[in-house]
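Okay, thanks for making time, everyone. I'd like to walk you through one model today, starting with its ligands and then moving on to the strands and a few backbone oddities. Let me put it on the screen.

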Amino acid sequence: MATDNNATSAMSRYASVHAASFADAERFWLVAAEAIDWEVAPSRAFDRDAGTYGRWFPDGRLNICHNAVDRHVAAGRGEQVAILYDSPVAGEKRRISYAAMRDAVATLAGVLADLGVERGDRVVIYMPMVPEALFAMLACARLGAVHSVVFGGFAANELAVRFSDATPKVVLAASCGIEPSRIVPYKPLLDAAIAASAHKPDACLILQRPQREAELVPGRDHDWAETVSAARAAGRKADCVAVSATDPLYILYTSGTTGKPKGVVRDTGGYGVALAWSMGNLYDVKPGEVYFCASDIGWVVGHSYIVYAPLLHGCTTVLYEGKPVGTPDAGAFWRLIQEYRVACLFTAPTALRAVKKEDPRAELVGSYDLTGFRSLFLAGERADPDSVAWAERALNRPVIDHWWQTETGWAIAGNPVGIGQLPVKHGSACVPMPGYDLHVLDEAGKPLPADTMGTIALKLPLPPGCLPTLWGSDERFRQSYLTTFPGYYDTSDAGIVDADGYVTVLGRTDDIINVAGHRLSTGGMEAVLASHPDVAECAVIGIRDALKGEQPCGFVVLKSGVTREPSEIERELVASIRDRIGPVAAFKLALTVARLPKTRSGKILRGTMKKIADGETWTTPPTIDDAAVLEEIGESLKGRGIGG
Ligand code: COA
Ligand code: AMP
């Protein structure tokens, strides 16, 4: 009974907070804005006439590095650990205090300023999970420069595309990343990307890691350690530069429906306010506590919850350069929670499935003292009910799914534990966060009743923290998100809202697939396959995978007259995706088929192919040109032990 009462009062507290964010949005967000320091406090929260759908805190001025670093030192947190770096792959651990982080960031910002970086300039960061990568992001923010972090698992071609679009003045990179099975030399990829890109950066600052040092290009490349120590010896430091709240803080590229990634722009003020709100209200974490987000700084989750949010909130952030399993075992997360007294862990369901696979009875959990650990948050893909139930039993703590996108920068829907935990419904990402006016629409844009599946759309404006546009292309932003349902942002996620207002996200409505929590475009992979000289046409779909959620599978039709062994061509296709997109695509399955199933108007029936591959029941679409082709697809999959 007490539990029912608690749930009822938590629901009514949540409902009144959510309602207040619309009833008086100005007041709601101006109060939230008090959590951060402003050089010029905003006089209003929102200007609906600015930008593509309005802008947040239009007249506010601030510096986010000051908010994440300097102000905590000034407030007496100088000796508190800001970053707990733990790298089983490098065999290294470091504790960096807020005071030490401020000095490192200010010095690096001085180095960047000496390399000519100014407010508004772009800087690409191509680095693994090392503290210097965080210093790099914060040093850019300190100068008002716009960083763009590129994930280490991408190939040179993907890096080159980002160079051409963001036109960085300077690149900050490490000599290598470290995967459990191999060293990943970054420098050859960087050099190849610069060679392939029409835009050339003025300078590169290279962090030499002892595991694989890189050769430096004279005149262009600078040794990180030498340059920084010379700056330190000269007492060179740069101060925080106040920028407009609407200035871009970063660009983060994410898969779009074409091969060309979308440069999601993040503003400064709205982002800072949204993240600061989320730390207490959504994650229920207090300043001084330890927050562990086991993502990568190359993803949005890493930007928001390894770097900016915990530091804005005065927490200690855990920077883990390792995997959930294999470094050394499936107890890695529990070891980190014990060693660092972690209050909140945020990871992807795929990581949990990897742990569950290795340690199904969760025996390793019992080997660690998890005192002080309060909750586990999951995002990146739908948290499957089995894994959530397994983790609840193993940890005896709330396990919370929450849904978001690179575009939004923070959760669209979640369980606001800090306001009061709502009952968990397995499979649902819970309720919309403040400022998100969420609707499920049919194809004509009409709202659907509860429990009916449709496209999830967010009525404009989007709340603070969400993207104002795409880098250099308001038009692509409008076309991609705002035109399908006028007045709404189209999430391209399908789902339902139940009678209690709980949101369940069921999958994408476009060609994006989700592989191990990584977002990938099948269109981008098809472009690579189609460029093979022996390939006439192709289709890539995501097929169900017990560990990674989905894995890509490419069907190819060879040109007539090709006499080479299909298996040899398939190996080349697998290699070319690794080479052009990167190992992160996890593309291992290319299948040669005689024909692709199509409608009479020539549209490839990817949805039906996926159902066949996933072993689901399927019906022959009435518009199909030749129904026999579906049988052939089924046979070719069975030949590889896939489908039913
Ligand atoms: N740099 C270079 N290569 C990388 C890389 C990086 N930062 N991260 C991954 N890769 C490589 C891997 O080594 C692997 O290469 P391989 O084909 O030679 O084995 C490939 O990219 C695919 O990696 P991944 O999909 O991550 O699979 P995995 O087998 O290495 O690990 C999991 C599986 C489930 C343990 C891992 O995917 C995981 O921890 N996922 C969580 C993802 C996450 O946190 N996402 C953020 C959203 S919240
Ligand atoms: P990314 O932009 O890489 O964060 O990927 C965003 C996409 O991942 C979303 O559009 C969803 O399809 C999926 N996603 C992320 N979190 C969840 C979740 N909790 N439940 C369901 N899908 C999710």
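First, a term I'll lean on: a polar contact is a pair of N or O atoms within 3.5 Å, and within protein one must be able to donate a hydrogen and the other to accept it, with residues adjacent in sequence counting only if both atoms are side-chain atoms. Some housekeeping too: this is a predicted model, so to speak of a local feature we need pLDDT of at least 70, side-chain atom pairs count only at pLDDT 80 or more, and totals for chains, interfaces and linings use all residues. Residues are numbered from 1 along each chain as its sequence is written, chains are lettered from A and ligands numbered from 1 in the order in which they are written, and side-chain values use heavy atoms, leaving out hydrogens and water.

So, ligand 1. A polar side-chain atom of lysine 548 sits 3.1 Å from one of its oxygen atoms. Arginine 182 has a side-chain N or O atom 3.0 Å from an oxygen of ligand 1, and at glycine 153 a polar backbone atom is 3.4 Å from a nitrogen of the ligand. On its own, ligand 1 exposes 930 Å², and the protein buries 83% of that; these accessible areas come from the Shrake-Rupley method with a 1.4 Å probe, and for residues only the protein chains shown count as cover.

There are 23 residues around ligand 1, and Glu179, Arg182, Lys548, Arg578 and Lys588 come nearest. Near here means that a heavy atom of the residue lies within 4 Å. By class, that's 11 nonpolar, 6 polar and 6 charged residues. For the classes, Ala, Val, Leu, Ile, Met, Phe, Trp, Tyr, Cys and Pro are nonpolar, Asp, Glu, Lys and Arg are charged, and the others, Gly among them, are polar.

Why does ligand 1 lie between two domains? Because domain 1 (6-322 + 402-496) and domain 2 (516-638) both give residues to its shell. Those bounds come from an automatic or database domain assignment.

On to ligand 2. The shell has 15 residues, the closest being Asp401, Thr406, Asp493, Arg508 and Arg519, and it divides into 4 nonpolar, 5 polar and 6 charged. Oxygen atoms of ligand 2 have side-chain N or O partners at 2.5 Å in threonine 406, at 2.7 Å in arginine 519 and at 3.0 Å in glutamine 405. The protein covers 92% of the 490 Å² of accessible area that ligand 2 has on its own.

Now the strands. Helices (H or I, at least four residues) and strands (E, at least two) are DSSP runs numbered from the N terminus, and two strands pair if DSSP finds at least two bridges between them. One open sheet has 7 strands, ordered β5-β4-β17-β16-β18-β19-β20, with mixed pairing. Its edges are β5 (92-97) and β20 (399-401). Inside it, β16 (290-293) and β17 (316-320) run parallel, joined by 3 bridges, and phenylalanine 292 is partnered with valine 318.

Another open sheet has 4 strands, β23-β24-β25-β26, paired antiparallel.

Last, the oddities. Most residues other than glycine have a negative phi, and most peptide bonds are trans. Here, the bond from threonine 327 to proline 328 is cis, as is the one from leucine 460 to proline 461. Arginine 341 has a positive phi, near 55°, and is in the loop between α11 and β18 (342-347).
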